[in-house]
Amino acid sequence: MRLTERDTQSSMIARISAVVGAFRPEEPELSASEIARRVGLPKASIARIVRDLVDFDFLERTPGGYRVGIKCFELGQLAQKPKDLRRMALATMADLRQATGLTVQLGVLDGSDVVYIEILRGKHADLVIPSRVGGRVASYATAGGKALLAFSGEAVLERALAGGMRKIGPNTLATEDALRAELATVRDQGIAYEQEESSPGLACAASPLLRGDSSPIAAISITAPVGTIDMRLVGPAVQAATLGLNRQLRASTFLGQL
């Protein structure tokens, strides 16, 4: 996460969030200079923030710099709602994988990104996807993200687009107008599609889980290599799965907890 000018001027929380968010699974250890580069703050400012985060165990020192500390892990274990959602969705996701043979993902919207809380790998064992459990991908460039944005309010969409629409895959939508037009189609059909928008060689279809007021809770998506299957043919299976899970959620007490 790179800070905007407004963030750098006014929000310490934004600064702390950006520093912790600079770490990635493939790069769990960063130097202070690399954190400063990724966040967009002066090294002196980063040094002060990092020092405080180390003091409170949100970061810990390593021979090569810093890594995420035990306090972040402890707080992560308290995130119960994603765990409950994952538990309730798991059987539906497994059935969808069995029916299609494809990789099935469950994601929620967080700011401008989709955060994935469960992934069930399909028959394409060598399929390389840009997501991972706990990871995030720009919402405008994913089928799951578009399924969520289509049923979110204008303020949510504007927040998702505040940082611009960076090209991620070969076919990432280039303009806000193009995205808005596609979101209108998603609202009409209840299914979002993606063809090499988040990564080369990937095709996806997704459908949202909705509250009673039609606001989104999460999205379930399926992913396959481009050319192996027509997503327009299997997209309705994703929609059927989410509609069935919606009925289960509404019959339980889960929706009242959100």
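The residues lining the largest cavity divide into seven nonpolar, seven polar and one charged. The model that holds this cavity is predicted.

## The cavity

How many cavities of 30 Å³ or more does the structure hold? It holds one. The largest cavity has a volume of about 90 Å³. Of the 15 residues that line it, Gln105, Tyr116, Glu194, Ser198 and Cys204 are the closest to its centre. Three elements each supply at least two residues of the lining: helix α7, strand β7 (202-210) and strand β8 (216-225). In general, rolling a probe the size of a water molecule over the atoms shows where empty space is left.

## The chain as a whole

The secondary structure of the chain comes to 10 helices and eight strands. The chain has 258 residues, and buried residues make up 47% of them. Contacts across the sequence can be counted too. Take those between residues at least 6 apart in sequence: 57% of them join residues at least 24 apart.

## Helix α8 and its neighbours

Helix α8 covers residues 154-161. Which of its residues are buried? They are Leu157, Ala160 and Leu161. These residues cover an arc of only 90° around the axis, so they sit on the same side of α8. What do the buried residues of α8 pack against? They pack against α7 (143-150) and α9 (176-189). Helix α7 also helps to line the largest cavity, with at least two residues.

## Salt bridges

Side chains of opposite charge can pair when their charged atoms come close. The structure holds 10 salt bridges. The table gives three of them, with the distance between the closest N and O atoms.

| Acidic partner | Basic partner | N to O distance |
|---|---|---|
| Glu60 | Arg67 | 2.5 Å |
| Glu118 | Arg86 | 2.5 Å |
| Asp110 | Arg136 | 2.7 Å |

Start with Glu60 and Arg67. Glu60 is partly exposed, at 28% relative accessibility. Arg67 is partly exposed as well, at 40%.

Next come Glu118 and Arg86, whose side chains meet in a salt bridge. This pair links distant parts of the chain. Glu118 is in strand β4 (residues 113-120), Arg86 is in helix α6 (residues 80-100), and the two are 32 residues apart. Is Glu118 buried or exposed? Glu118 counts as buried, because its relative accessibility is 9% and the cut-off for buried is under 20%. Arg86, at 33%, counts as partly exposed.

The third pair is Asp110 with Arg136. Asp110 lies in strand β3 (residues 103-110) and Arg136 in strand β5 (residues 136-138), so the pair ties together parts that are 26 residues apart in sequence. Asp110 is partly exposed, with 38% relative accessibility. Arg136 is also partly exposed, with a relative accessible area of 45%. Elsewhere, salt bridges that share partners join Glu34, Arg37 and Arg38 into one network.

## Thr100 in helix α6

Helix α6 also holds Thr100. At 13% relative accessibility, Thr100 counts as buried. Which residues does Thr100 touch, not counting residues up to four places away in sequence? It touches Lys123 and Ile222. How far apart are Thr100 and Thr223 in sequence and in space? They are 123 residues apart in sequence and 10.0 Å apart in space, C-alpha to C-alpha.

## Two positive phi values

Most residues other than glycine have a negative phi. Two residues here have a positive value: Asp57, with phi near 70°, and Glu196, with phi of about 55°. Where do they lie? Asp57 is in the loop between α4 (43-55) and β1 (59-62). Glu196 is in the loop between β6 (192-195) and β7. Asp57 is partly exposed, with a relative accessible area of 40%. Glu196 counts as partly exposed at 21% relative accessibility, since buried means under 20%.

Key
Residues numbered from 1 in each chain as written. Predicted model: local features only at pLDDT ≥ 70, side-chain atom pairs only at ≥ 80, totals over all residues. Heavy atoms only, no water. Buried < 20%, exposed > 50% of the residue type's maximum accessible area, 1.4 Å probe, protein only. Helix = DSSP H or I, 4+ residues; strand = E, 2+ residues; numbered from the N terminus. Arc of directions from axis to C-beta. Contact = heavy atoms within 4.5 Å. 1 Å grid on protein atoms, 1.4 Å probe; cavity = no way out; pocket = protein on both sides within 12 Å on 5 of 7 lines; lining within 4 Å. Points joined across faces, edges and corners; volume = space filled by probe spheres on them. Nonpolar A, V, L, I, M, F, W, Y, C, P; charged D, E, K, R; others polar. Salt bridge = Lys/Arg side-chain N within 4 Å of Asp/Glu carboxyl O.
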